[in-house]
Structure formats: structure tokens, C-alpha cells
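Grab a pencil and work through these exercises one at a time. Try each task on your own before you read the solution.

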Amino acid sequence: MSVEITAGPADVDDAADSDLLAAVTAAESVLSGRFGATVRLADPERLGGAGRSVVVRVRVASTPFSLPRTLVVKRYPSAVADRDPFAHEAVSHKLLTALPGEDRLTPELVAQDNGKRLVVLEDLGKAPRLAEKLLGSDARAAERGLLSWAHAMGRLHATTAGRDADFDALMRRQGSQCCADPIAVDVHAALAGLPKLLLESLEVDTPPAAVEFAEQALRGFGSSRRRAFSPSTSCPDNHLVTSKGVRFLDFEGGCVRDIVFDAACLRVPFPSCWCGYGLPAGMSEAMVAAWRAEVGSVWPDLDDDAVFLPRLLESQLLWVWLGTWRGLPGLDSALPSGHRPLDSPPRGTVLTARWVRLRSDALALGVKPVVAHAEAVIAALVSRYGQQAAELPLYPAFR
């Protein structure tokens with residue numbers, strides 16, 4: 001075997017090390033096949049991975065070609081049901097690598113192989129993740145990181161506007177039958193199933209007017225003409241804070257979808273994970289303003305509050321309903337809150353905070369059915385988990 005393991009013996013039997021070595025060996029094969037000469041990799045460093053995927057940083061030990069000193073290898077297991085994270089990852093990187101270098105906010109795709117279910121990517125280095133800024137002690141650094149994330153999201157949307165046909169064509173070439181937006185299936189299921197779940201779990205009725213508003217939001221989500229590429233996940237561990245601004249990692253759900261749905265993540269920070277704390281007053285508003293500054297040249301109608309704010313509230317409601325539908329059944333379990341259990345508030349507190357913010361923003365726009373429904377859910381959650389459930393602490397950096 002040509003893989004050089006400088007951090008340990010090459011014949012480790014442990015399964016965790018075996019999958020790492022297998023990923024590196026596969027990457028050597030893919031790179032050598034692409035460039036037509038032997039490429040040797042060394043010093044694998046595990047970087048994590050979702051589920052059974054393997055993510056590893058490697059040093060390029062030997063190559064007759066001009067390659068970066070280090071690369072990142074991501075290898076995926078077989079697809080499950082109708083969802084294939086590898087397909088979304090590979091297609092997303094193909095789409096984004098085709099952008100001009102100055103517009104690219106993601107790692108460049110170096111090589112991929114469908115059979116080995118593997119991508120080889122540019123290594124963006126060991127810059128801190130946005131999560132590290134938020135969980136640190138420097139409020140200014142955390143604020144800069146959040147605003148950089150918002151600006152980067154807006155630039156990503158602006159530079160990939162209207163790329164539906166390109167993304168769909170790449171997915172067809174990939175041979176994937178997966179839906180273009182994996183989260184869309186869950187959003188539809190959440191709107192259909194949440195009223196019954198709220199009644200059974202919290203004894204909260206969902207008024208017809210609230211259901212009607214949610215259905216209106218879903219129609220807007222599906223028919224929007226303001227569409228661009230979305231990383232899909234909003235976890236702060238997937239945003240690298242570099243000297244050139246935030247760079248996005250992890251496109252296992254990457255797709256082209258309604259951009260305002262992504263913008264709502266600035267009001268419901270990191271709604272796809274349960275490791276979120278609160279933000280200081282005015283922080284979300286500053287982030288939304290930063291995002292709008294980037295997309296305004298492509299979608300000038302979003303500069304108009306009368307157009308933008310109602311749509312933002314609709315998207316915010318979709319995220320809150322989706323998060324509640326996903327999280328409510330497990331609130332009373334002993335599950336840790338996301339992948340940072342020692343750093344996270346209780347899930348009940350995170351969920352309550354999302355409904356509190358929805359109530360506040362709906363009240364500002366005078367959407368009374370959403371206000372009333374949110375108040376009922378908040379009251380039920382506080383009744384079950386105590387008044388402290390309505391008091392989400394700030395990220396450590398802002399205390």
C-alpha cells in the first residue's frame with residue numbers, strides 16, 4: 001500500500017482507522033487516475049464527518065504535478081432511501097468550482113469518483129470555525145464572524161442566481177434520483193403533521209388561520225423566482241472564518257432554492273441544529289441588513305420592506321414549524337442537544353426561543369393568527385419545562 005502513515009502504524013486493525021486508510025487509498029487511486037501518474041498521500045488527519053462519512057486532511061507526499069501541499073478527502077457510504085448526500089456534495093462542488101475564483105466562497109473541487117463515492121477538495125486550512133468564535137470570549141470577533149457569514153451568504157446567492165437548470169443537469173448526470181432540495185420533503189411533512197403533533201404532545205390547537213398562513217408560506221417557498229444555490233445546512237461548525245471572510249463547508253444537502261428561506265436562518269440562527277444559544281439584541285437585524293446589501297443588485301425588490309419582511313416572516317415560520325416537527329418528539333428524551341452537548345442549552349429552551357422570536361416578528365407585522373398560535377405554544381412549553389425555558393442564554397462570546 002502506498003499510503004504513508006507517519007502518525008501511527010499502517011497495519012492498524014481498528015475499524016475507525018481502517019475506514020480512514022480506505023478513504024486515503026481510494027483518494028490516491030482517484031488522483032492517480034485523473035492525472036495519469038502516481039500520487040502518494042501521507043499523514044491522514046481525521047476531520048470528522050456526518051453519519052458514516054469520512055473526512056480527512058492529507059499531505060501530498062509525492063506527485064509529478066503541481067498540487068496543493070494538503071488536500072481534504074470526503075468519502076461517503078451507500079445512499080439511503082431517496083437521499084444521497086454524496087450526490088449533493090459532488091454536484092454542489094461542481095457547480096461552485098465553475099465560478100470565477102474571486103466569486104468562490106467554497107473549497108475548489110480537485111477530483112471526484114462516483115464509484116468510490118469520494119470527493120477530493122482544496123484544503124482551506126486550519127482557520128477557526130464560526131462555532132469557535134461564538135463559544136469563545138471575544139464579542140467583537142464573534143460579531144465580525146456573524147456579519148461575515150451573512151455577507152458571504154448574500155454573495156453566494158448573488159453569484160449563483162438562477163442556476164436551477166445547471167444544478168438539475170448536473171444532478172441528472174450524476175445519476176441521482178434524489179429530490180433537488182432534500183429539505184422540501186420535510187417541510188411539506190411538517191406542515192401536514194405539526195397540528196396533530198402539537199395537539200397530542202402539548203394540547204395546543206392550531207387555528208385554521210395559522211394553518212392558512214403556513215400553507216401560504218409553503219406556496220411561496222415552492223413558487224419563488226428568487227432562487228440561488230443554498231448550502232442547506234446552517235450549523236456554525238460548517239462555516240470557516242478565514243482572513244478573506246467566511247467560507248462554506250459541507251454540501252450534503254446543497255441545492256438551488258428560495259433565497260429568503262436561507263435569509264430566515266439569520267433570524268432563527270442555525271435552525272437545522274440544536275446547539276444554538278441566543279444573540280444580542282439587534283444582531284439578527286444587522287445580519288439581515290448585511291445579507292440584503294449583497295443580494296440587492298440581483299433582486300432589487302428585496303430592498304422594499306413591504307415586499308421582503310412578509311416573505312421573511314413566512315420563511316421564518318417554515319423553519320420554526322419544521323424544527324418543532326423534527327424536535328418535539330424527542331424533547332423529553334435524554335438526547336444531547338446536537339453535536340456539542342456540553343456547550344448547548346436544553347432543547348426545550350432552544351425550541352421555546354424560536355417560538356418567542358416568531359411571536360415578536362409576527363407582532364411587528366401585525367400577523368395576529370401567528371402571534372396567537374405562537375403564544376399558545378410558548379405557554380405550553382413553559383408550563384412543561386418551567387419559566388427558564390423562555391430564557392435562552394447568549395452565546396458565551398456575548399456574555
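**Exercise 1.** How far apart, N to O, are the side chains of Glu-108 and Arg-104 in their salt bridge?

*Solution.* Before we start: this is a predicted model, where local features need pLDDT of at least 70 and side-chain atom pairs count only at pLDDT 80 or more, while totals for chains, interfaces and linings use all residues. Residues are numbered from 1 along each chain as its sequence is written, and side-chain values use heavy atoms, with hydrogens and water left out.

Step 1: recall the rule. Side chains of opposite charge can pair when their charged atoms come close. A salt bridge needs a side-chain nitrogen of Lys or Arg within 4 Å of a carboxyl oxygen of Asp or Glu.

Step 2: check the pair. Glu-108 and Arg-104 meet at 3.9 Å, N to O.

Step 3: look at the surroundings. Buried means under 20% relative accessible area, exposed means over 50%, and partly exposed is in between (1.4 Å probe, protein chains only). Arg-104 is buried at 16%, and Glu-108 is partly exposed at 34%.

**Exercise 2.** Is Glu-89 buried or exposed, and which parts does its salt bridge with Lys-74 tie together?

*Solution.* Step 1: find the contact. The closest N and O atoms of Glu-89 and Lys-74 are 3.2 Å apart.

Step 2: place both ends. Glu-89 sits in helix 2 and Lys-74 in strand 3 (residues 70-75), so the bridge ties together parts 15 residues apart in sequence. Helices (H or I, at least four residues) and strands (E, at least two) are DSSP runs, numbered from the N terminus.

Step 3: read the accessibility. Glu-89 has 0% and counts as buried; Lys-74, with 8%, is buried too.

**Exercise 3.** Where does helix 6 have a kink?

*Solution.* Step 1: get the length. Helix 6 (residues 182-202) has 21 residues and reaches 28 Å from its first C-alpha to its last, close to the expected 30 Å. That expected span is 1.5 Å times one less than the number of residues.

Step 2: find the bend, the angle between axes fitted to the seven residues ending at a residue and the seven starting there. The kink of about 45° lies at Gly-193, shortly before Pro-195.

Step 3: see what is tucked away. Buried residues of helix 6 include Ile-183, Val-187 and Leu-194. Among the elements covering the buried residues are helix 7 (208-223) and helix 10 (305-327).

Step 4: follow the chain onward. After helix 6 comes Glu-203, with a positive phi near 60°.

Definitions and conventions. Contact means heavy atoms within 4.5 Å.
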